[in-house]
Amino acid sequence: MPTGIVTGASRGLGLALVGALADRGWRLVVDARGADALRAATCGLDGVVAIPGDVADPAHRRDLIDAAGERIDLLVNNASVLGPSPQPALAGYPLVELRRVYEANVFAPLALTQLALPRMPDGAVVVNVTSDAAVEAYPGWGGYGSSKAALDQVTAILAAEDPDLRVYSVDPGDMRTQMHQEAFPGEDISDRPPPDDSVPGLLALIDRPPPSGRYRVADLQAAPR
Ligand SMILES: NC(=O)c1ccc[n+]([C@@H]2O[C@H](COP(=O)([O-])OP(=O)(O)OC[C@H]3O[C@@H](n4cnc5c(N)ncnc54)[C@H](OP(=O)(O)O)[C@@H]3O)[C@@H](O)[C@H]2O)c1
């Protein structure tokens, strides 16, 4: 049975992906900070071990790796924070908040990858969930967007340094989730698609791994099988 770690799995894209992978027989170690929500979301899923905690906490990251065991076939760094809502312009962005965003969105995925790599066989897959805000200069998105840009470059260099792995950053597209609502406070986001719609694109990376690189779910789902 293949084993994976998926961070940020109590709701949104992480939960949708974990449900699909559990259906396919994956053994999964998952987390989120909110323990009750994580347990409620995952208790009915076979093969899913829920470990509440913050990916920015080194001891929690160690717990995730230990729970996964000696062989890790998949690491999905999905957990992420937006930062303050509404998002401040960079001119006044509180640096203490920016550090928290980078801790969760850049340092934590790299640190978890560093711990997982010795247990990942050739051909194993690392998926770092990114955003179009990494490449588009949207006013107000400087904190979150620059963290995802850093994550993209971390991903690309990890891939160059370890050609035996499959290392991806993947932009899932807009999704109707709590984070998206925080990004657009007070706005009606009911026209955005649910996170389940982005799962087939992620599964394409896992099932039929293309060369390492940066992908958009929209392109993966449009590609012929
Ligand atoms: N929604 C969009 O339109 C959109 C667009 C592009 C990219 N993305 C990316 O897609 C990914 C999933 O986002 P989403 O929209 O599904 O967000 P979401 O619905 O807000 O879910 C985020 C998940 O991550 C967990 N989480 C957040 N910070 C964490 C931390 N420090 N440690 C552990 N778990 C943490 C949350 O639980 P707790 O709060 O309980 O910890 C929750 O389970 C993120 O990487 C995001 O940047 C989203």
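Which residues is D171 in contact with, leaving aside its neighbours within four places in sequence? The answer is T130, S131, D132, R214, Y215, R216 and V217, where contact means heavy atoms within 4.5 Å. The structure is a predicted model, in which local features need pLDDT of at least 70 and side-chain atom pairs count only at pLDDT 80 or more, while totals for chains, interfaces and linings use all residues. Residues are numbered from 1 along each chain as its sequence is written, and side-chain values use heavy atoms, with hydrogens and water left out.

D171 belongs to strand β6; helices (H or I, at least four residues) and strands (E, at least two) are DSSP runs, numbered from the N terminus. D171 is buried, that is, under 20% relative accessible area with a 1.4 Å probe and protein chains only, against over 50% for exposed and in between for partly exposed. D171 nevertheless has no salt bridge, and R214, the nearest side chain of opposite charge, is 4.8 Å away. A salt bridge requires a side-chain nitrogen of Lys or Arg within 4 Å of a carboxyl oxygen of Asp or Glu; for charge, Lys and Arg count as positive and Asp and Glu as negative, with His and the chain ends not counted.

It is worth stepping back to the sheet. Seven strands make up an open, parallel sheet in the order β3-β2-β1-β4-β5-β6-β7, two strands being paired if DSSP finds at least two bridges between them. At the edges, β3 (48-50) and β7 (213-216) each pair on one side only. The average turn between neighbouring strands is 20 degrees, direction ignored; axes are lines fitted to C-alpha atoms, for helices over the stretch in contact, and angles run from 0 to 180 degrees between N-to-C directions. Five bridges link β5 (residues 125-129) and β6 (residues 166-171) in the parallel sense, with V129 partnered by V170.

Strand β1 (residues 3-6) is covered on both faces, with T3 and I5 buried on one side and G4 and V6 buried on the other. Its parallel pairing with β2 has four bridges, and V6 is matched there by V30.

A second acidic residue, D31, sits in the loop between β2 (27-30) and α2 (35-42). D31 is also buried without a salt bridge, R33 being the nearest side chain of opposite charge at 8.5 Å. A polar atom of the D31 side chain lies 2.9 Å from the backbone nitrogen of G8. Beyond four places in sequence, D31 touches residues including V6, G8, L38 and H60.

Notes:
Polar contact = N/O pair within 3.5 Å; in protein donor to acceptor, adjacent residues only side chain to side chain.
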